[in-house]
Every structure is written in structure tokens, then in C-alpha cells.
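Notebook open. I want to look up helix packing first, then pockets.

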Amino acid sequence: MERTKVAEELAGVVVGFVGAAQRGMVANFDLARVSVLSAVAADGPLRPREVGKRLGMAPSSVTRHIQALEDAGQLTVEPDPEDHRTCLLEATEAGRGELDSLQAVGGTVLGEVVADWSQKDIVTLSSLLQRLVADWAERGEQARTKPPPDRRPRWRHPVPSQPKD
């Protein structure tokens, strides 16, 4: 099979996997909210704008999730001493605990899904997925924004002339 077809097949598998995973997660927690909390816990303190940029979220969505996380005691929101127009976000112990709980539950669920896999297969998949995530972070956005060769928006294609009766 040629490389392009293999890459297309991989894209289909990834989309299918992400869709299935999201359906399972959406039933149990707010994925966007957990993503905000995870970003802040990993690299905080962060400004809301930085969170939105990292996650590709609109400012209004980030604000809504920050408010909910602050109300739940999972984030602190403090004035930014360098820029009084914004604030700094930091995960609380409760927020970190929530992330730890979600990770444990996710590990249990995924462990059941791959219960009949060999440890070698699990390690191999984990390694390849880490590589895919790293390569996507490095080159995915650039590749996604490149226009395909010889493709123009439909409205720029010439309209075939209609025969006159």
C-alpha cells in the first residue's frame, strides 16, 4: 500500500479512536474543563490567554471554564503583577487531586480495554502514540494549514457556461 493511503488509513483510525474516547469521556466529565485544568496544573501559573492559545479555545470558553474551576476550588485566580489587565491561574491541591483521580479511572478503564494485550504491545502503542503526539505538535499545525496542491476554494473555480436555448 502506498504511503499516502497508509497515512489516510492512520488518520481514519485516529479520528475513530478520538471520537470513541471523547464519547466515553463526555459521559463522565467535561473534557474542555479538564483540559484547562491540566494545562494550568502542568505549566502554571498561566494567563487565560496562554491557556486559550495552547488549547485552541475561544476566550469566552476559557473564561467560562476558569470560573467553574475556581467555583469548584480547583483553580486560583490572582491578579497578574506584570499586567493588571489580566490574571494568573494556578491549580489548587483539590484540582491536582481531581486530575489524579481522573487519570486513575482512565488507567483502570483503558487497562480493561487492553486486558488481553501483551505488555510489549501496550508499551509499543504507548511509545508510538507519544511519538505521534510530539510530531503532531511539531508539524501538524503547519501541515494542516498548507493548501493542498492545485486546490482553490470552490468559489474561485470557473463556472461552466450553460448552453443557451
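At roughly what angle do the axes of α2 and α5 cross, and within what distance do they come? I looked this up first, keeping in mind that the model is predicted. The two axes cross at roughly 115 degrees and come within 10 Å.

**Entry 1: α2 and α5.** I checked the hand next. The crossing of α2 past α5 is left-handed. Then I listed the contact. From α2 I noted Val34, Leu37, Ser38 and Ala41, and from α5 Gly95, Arg96, Leu99 and Leu102. I sorted this α2–α5 contact by class: five residues are nonpolar, two are polar and one is charged.

**Entry 2: α2 and α3.** I moved on to the other partner I had marked for α2. Helix α2 spans residues 31–43 and helix α3 spans residues 48–55; their axes lie 10 Å apart, at an angle of about 115 degrees. I therefore logged α2 as roughly perpendicular to α3. Which hand does this crossing have, left or right? I read it as right-handed for α2 passing α3. On the α2 side I found Ser35, Val36, Val40 and Asp43, which meet Val51, Arg54 and Leu55 of α3. The classes in the α2–α3 contact are four nonpolar, one polar and two charged.

**Entry 3: the largest pocket.** I turned to open space. I got a volume of about 2500 Å³ for the largest pocket. Its lining has 42 residues, and I noted those closest to the centre: Phe17, Val18, Ala21, Leu129 and Val133. Which elements give two or more residues to this lining? I found α1 (3–26), α5 (93–113) and α6 (119–145). The largest share is from α6, with 16 residues. I also split the lining by class and counted 29 nonpolar, nine polar and four charged residues. I underlined α5 here, as it gives residues to this lining and also has a contact with α2 through residues including Leu99 and Leu102.

**Entry 4: the second largest pocket.** I closed with the next one down. The second largest pocket holds about 210 Å³ of space. Which residues line it? I wrote down Arg3, Thr4, Val6, Ala7 and Leu10. Three of these lining residues are nonpolar, one is polar and one is charged.

**Recap.** I have α2 crossing α5 in the left-handed sense and α3 in the right-handed sense. For the pockets, I kept about 2500 Å³ for the largest and about 210 Å³ for the second largest.

How values were computed. Residues numbered from 1 in each chain as written. Predicted model: local features only at pLDDT ≥ 70, side-chain atom pairs only at ≥ 80, totals over all residues. Heavy atoms only, no water. 1 Å grid on protein atoms, 1.4 Å probe; cavity = no way out; pocket = protein on both sides within 12 Å on 5 of 7 lines; lining within 4 Å. Points joined across faces, edges and corners; volume = space filled by probe spheres on them. Helix = DSSP H or I, 4+ residues; strand = E, 2+ residues; numbered from the N terminus. Nonpolar A, V, L, I, M, F, W, Y, C, P; charged D, E, K, R; others polar. Axes fitted to C-alpha atoms, helices over the stretch in contact; angles between N-to-C directions. Parallel < 35°, antiparallel > 145°, perpendicular 65-115°, else oblique. Left-handed = near helix turned anticlockwise from the far one by under 90°. Contact = heavy atoms within 4.5 Å.
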